[in-house]
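Please go through the fold shown here by question and answer. Keep each answer short and end on the item asked for.

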Amino acid sequence: MSPRTYFITGSSRGIGLELVKQLAAKGNIVIASARNPDAAEQLQQLVDNKKVFAVKLDVQSEDSVKAAVAKVNEISPDGIDVLINNSGIIAPKGSISTTTTNHSTTSDPEVWGEIYQTNVVGVVRVTQQFLPVLRKKDTRQIIQISSDSASLELANRPNLNAPYHCSKAALNMFSRCLSHDLADEKFTCVCIHPGWVITDMGGSNADLTTEVSVSSMVKVFEKYTQKDNGWYGNWKGERMPW
């Protein structure tokens with residue numbers, strides 16, 4: 001496969017950082033973004049301004065997203081092949097992510113709002129602003145890093161983290177809407193569940209390391225074609241129930 005140009009949100013740690021590492025190692029150009037990339041030591045170790053670039057991006061700020069688009073146009077005037085929306089939170093800073101806090105009948109609506117601002121509205125904002133950059137190339141892939149928490153069929157137990165689960169379901173629906181709205185332009189819009197991964201969000205008891213999850217996802221990414229438009233699946237390439 002010919003080298004591609006990727007733009008990745010939430011690249012300072014965890015899955016995002018590992019995506020930068022592995023995609024760059026395959027010879028791709030990777031434009032990594034984070035709210036404060038200069039303070040992201042591990043990311044800065046990868047930045048060489050030849051194959052890996054770092055861009056400041058706050059998905060909750062329209063001005064920040066527009067500034068990031070301008071910077072990406074400077075770095076890659078010919079556009080990007082793939083947008084990976086990886087930014088996401090499970091709970092706002094300072095809140096306690098517990099069953100009680102996040103129960104559908106007791107969780108604070110303000111918590112819902114902040115989670116949606118990052119996990120849904122932020123993704124919408126980034127995607128809409130980056131469409132002209134994606135249209136410069138023929139690849140035109142938009143990948144949402146989703147979760148099995150998005151699946152209505154798998155939400156078959158009580159005491160779910162309601163705000164997070166609902167935000168991921170909304171993310172998947174946004175991707176499905178994109179898949180229809182951009183089909184005539186030959187976009188490929190997909191959602192992928194990375195597995196239960198050992199990260200700050202996933203916790204230390206999770207099943208997969210970031211290295212294993214990302215290496216598997218990258219193999220799946222490389223197989224995507226326009227026929228996969230609207231797909232929702234996991235890091236192993238298996239379809240997930242909506």
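The questions below concern a predicted model and take up confidence, sheet, helices, cores and one loop residue.

Q: What pLDDT does the protein chain average?
A: The model is predicted, and pLDDT gives the predictor's confidence in each residue. In the chain, 95% of the residues score at least 70. The average pLDDT is 94.

Q: Over which residues does pLDDT stay under 50?
A: The stretch in question has eight contacts beyond four places in sequence in the model. The residues with pLDDT under 50 there are 96-100.

Q: Which strands stand at the edges of the sheet?
A: The sheet is open and has seven strands with parallel pairing, in the order S3-S2-S1-S4-S5-S6-S7. A strand with a single partner has one side left without a neighbour in the sheet, so it stands at an edge. The edge strands are S3 (52-56) and S7.

Q: Which residue in S5 stands opposite Leu83?
A: S4 and S5 run parallel and are joined by four bridges. Opposite Leu83, the residue in S5 is Ile142.

Q: What angle does the direction of H4 make with that of S4?
A: H4 packs on the sheet and touches S1, S4 and S5. Angles are taken between N-to-C directions and run from 0 to 180 degrees. For H4 and S4 the angle is about 175°.

Q: Which helix supplies the largest share of the largest nonpolar core?
A: This core has 29 residues, and Leu19, Ile84, Ile143, Ile192 and Phe221 touch the most other members. Among the elements that each supply at least two residues are strand S4 (82-85), helix H1 (14-25) and helix H6 (210-221). The largest share is six residues, and the helix that supplies it is H1.

Q: How many residues does the other core, lying apart from the largest one, have?
A: Its members include Phe7, Phe53, Val65 and Cys189. The number of residues in this core is 25.

Q: Against which elements do the buried residues of H5 pack?
A: Helix H5 covers residues 162-181 and reaches 28 Å from its first C-alpha to its last, close to the 28 Å expected. Its buried residues include Tyr164, Leu171, Phe174 and Leu178. They pack against S5, S6, strand S7 (232-234) and helix H4 (109-134).

Q: Is Ser149 buried or exposed?
A: Ser149 lies in the loop between S5 and H5, and is in contact with Tyr164, His165 and Lys168, leaving aside its neighbours within four places in sequence. Its relative accessibility is 12%, and the cut-off for burial is under 20%. Ser149 therefore counts as buried.

Methods
Residues are numbered from 1 along each chain as its sequence is written. This is a predicted model: local features need pLDDT of at least 70, side-chain atom pairs count only at pLDDT 80 or more; totals for chains, interfaces and linings use all residues. Side-chain values use heavy atoms; hydrogens and water are left out. A nonpolar core is a set of buried Ala, Val, Leu, Ile, Met, Phe, Trp, Tyr and Cys residues joined through side-chain atoms within 4.5 Å. Buried means under 20% relative accessible area, exposed over 50%, partly exposed in between (1.4 Å probe, protein chains only). The expected span of a helix is 1.5 Å times one less than its number of residues. Contact means heavy atoms within 4.5 Å. Two strands pair if DSSP finds at least two bridges between them. pLDDT is the predictor's confidence in each residue, from 0 to 100.
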